[in-house]
Structures are given as structure tokens and as C-alpha cells.
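Open the model in your viewer and keep the selection panel at hand. We will go from one selection to the next, with a word on what is there at each stop.

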Amino acid sequence: MEELPFDHLAHLTRTVFLEGDASGRRILILAGRGGNGGGAMVAACRLHGWGAEVIVYLASESALIQGVPGQQLGILRRLGVPILPAPAIERAGPAAAIVDG
């Protein structure tokens with residue numbers, strides 16, 4: 001399957017930082033409410049689909065996340081991906097990669 005442009009962040013994370021295999025790897029996603037945050041959430045969805053243990057940390061209150069980033073947040077919720085406020089990352093523990101968006 002051809003990678004779509006919005007998948008590049010997930011693909012880069014998998015190939016460069018996870019040696020091509022995201023399965024079972026713990027990935028922390030930092031996401032704001034703008035376009036970069038939306039891109040990070042798209043990456044979170046893709047990495048989750050590849051079997052990674054993804055945790056998303058939001059820099060804004062979820063009620064303030066609108067448009068495409070808001071749609072991606074809804075998808076993550078439906079997938080059951082843990083979504084926490086950004087300060088909770090202090091207790092995150094080790095991870096194979098951190099994606100900042």
C-alpha cells in the first residue's frame with residue numbers, strides 16, 4: 001500500500017526510530033490543537049494500527065481541539081488509544097519514541 005503524505009511522520013518514526021517494526025513498542029505522542037497536532041494524531045492512529053502501544057498527551061483541553069485535529073482525536077478515542085493531559089507525561093516512564101506535534 002502506498003504511503004499517503006500524512007503518514008510520513010508515522011513511517012519515519014517506524015523506519016528510523018523503531019527499526020521498521022512498531023509492534024509492541026511504546027510510543028508517546030505530544031499533540032497540540034493545530035495542524036501539527038493533527039498530524040501527530042494521524043501518526044498515532046497509524047502507529048497504533050501497526051501494533052504500537054500509543055499514548056497521546058494533549059497540550060490543550062480536548063474541547064478546544066476543532067476541525068481536522070478534532071476529527072483525529074475522535075478517531076483515537078474510538079480506537080481506545082489512551083489520551084491524557086500533557087502534564088501527565090511526567091509520569092510516562094520509558095518509551096521507544098516520542099513524536100512531538
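## Stop 1: Leu47 in helix H2

Start by selecting Leu47, which is found in helix H2. Keep in mind along the way that this is a predicted model. Is Leu47 buried or exposed? With a relative accessible area of 0%, Leu47 is buried.

Now show what surrounds this side chain. Leaving out residues up to four places away in sequence, Leu47 touches Ala10, Thr13, Leu18, Ala22, Ile27, Ile29, Ala52 and Val54. Pick Thr13 from that list and draw a distance: the C-alpha atoms of Leu47 and Thr13 are separated by 8.6 Å, with their positions 34 residues apart along the chain.

## Stop 2: Thr13, across in H1

Move the selection to Thr13, a residue of helix H1. Thr13 is buried, at 3% relative accessible area. Beyond residues up to four places away in sequence, Thr13 touches Leu18, Leu47, Ala97 and Val99.

Stay on H1, which covers residues 8-17, and select Leu9. Leu9 counts as partly exposed because its relative accessibility is 31%, and buried would require under 20%. Add Leu12, Val16 and Phe17 to the selection: together with Leu9 they form a nonpolar patch on the surface, with about 360 Å² of accessible area.

## Stop 3: Glu19, just after the helix

Next, select Glu19 in the loop between H1 and E1. Its phi is positive, about 55°, although Glu19 is not a glycine. Most residues other than glycine have a negative phi. Glu19 is exposed, with a relative accessible area of 74%.

## Stop 4: the whole of H2

Select H2 from end to end. Its 15 residues reach 21 Å from the first C-alpha to the last, close to the 21 Å expected at 1.5 Å a residue. Colour the buried residues of H2: they are Gly37, Gly38, Ala40, Met41, Val42, Ala43, Ala44, Cys45 and Leu47. What covers them? The cover includes H1, E1, E2, H3 and E4.

Zoom in on Ala40, which lies in this helix. Ala40 counts as buried, at 0% relative accessibility. Neighbours within four places in sequence aside, Ala40 is in contact with Leu9, Ile29, Leu30, Ala31, Val99 and Gly101. For a distance to try, the C-alpha atoms of Ala40 and Glu19 are 19 Å from each other, and the two residues are 21 apart along the chain.

Then follow the chain out of the helix to Gly51. This glycine comes after H2 and has a positive phi, near 95°.

## Stop 5: the nonpolar cores

Which residues have the most contacts inside the largest nonpolar core? Select Ile27, Ile29, Leu47, Val54, Val56 and Leu76, which hold that place in a core of 23 residues. At least two residues of this core come from each of strand E1 (26-31), helix H2 (35-49), strand E2 (53-58), helix H3 (67-79) and strand E4 (97-100). H2 gives the most, with 6 residues.

Val54 is a good place to look around. Apart from neighbours within four places in sequence, Val54 is in contact with Ile27, Ile29, Ala44, Leu47, His48, Val81 and Pro82. A second, separate core has 5 residues, including Leu28, Ile55, Tyr57 and Ala92.

## Stop 6: a salt bridge between strands

Select Glu53 and Arg26 and show their side chains. They meet in a salt bridge, at 3.3 Å from N to O. Glu53 is in strand E2 and Arg26 in strand E1, so this pair ties together parts that are 27 residues apart in sequence. Glu53 is partly exposed, with a relative accessible area of 41%. The count of salt bridges in the model comes to 1.

## Stop 7: helix H3

Finish with H3. Its end C-alpha atoms are 19 Å apart, which agrees with the 18 Å that its 13 residues should span at 1.5 Å a residue. The buried residues of H3 are Pro69, Gln72, Leu73, Gly74 and Leu76. Show H2, E2 and strand E3 (83-85) alongside them, since these are what the buried residues of H3 pack against. The last selection is Gly80, which follows H3 and has a positive phi, near 80°.

Note on methods
Residues numbered from 1 in each chain as written. Predicted model: local features only at pLDDT ≥ 70, side-chain atom pairs only at ≥ 80, totals over all residues. Heavy atoms only, no water. Core = buried A, V, L, I, M, F, W, Y, C linked by side-chain atoms within 4.5 Å. Buried < 20%, exposed > 50% of the residue type's maximum accessible area, 1.4 Å probe, protein only. Helix = DSSP H or I, 4+ residues; strand = E, 2+ residues; numbered from the N terminus. Contact = heavy atoms within 4.5 Å. Patch = residues over 30% accessible without salt bridge, like charges linked within 9 Å, V, L, I, M, F, W, Y side chains within 5 Å. Areas by Shrake-Rupley, 256 points an atom, 1.4 Å probe, with all protein chains shown as cover. Salt bridge = Lys/Arg side-chain N within 4 Å of Asp/Glu carboxyl O. Expected span 1.5 Å × (residues − 1).
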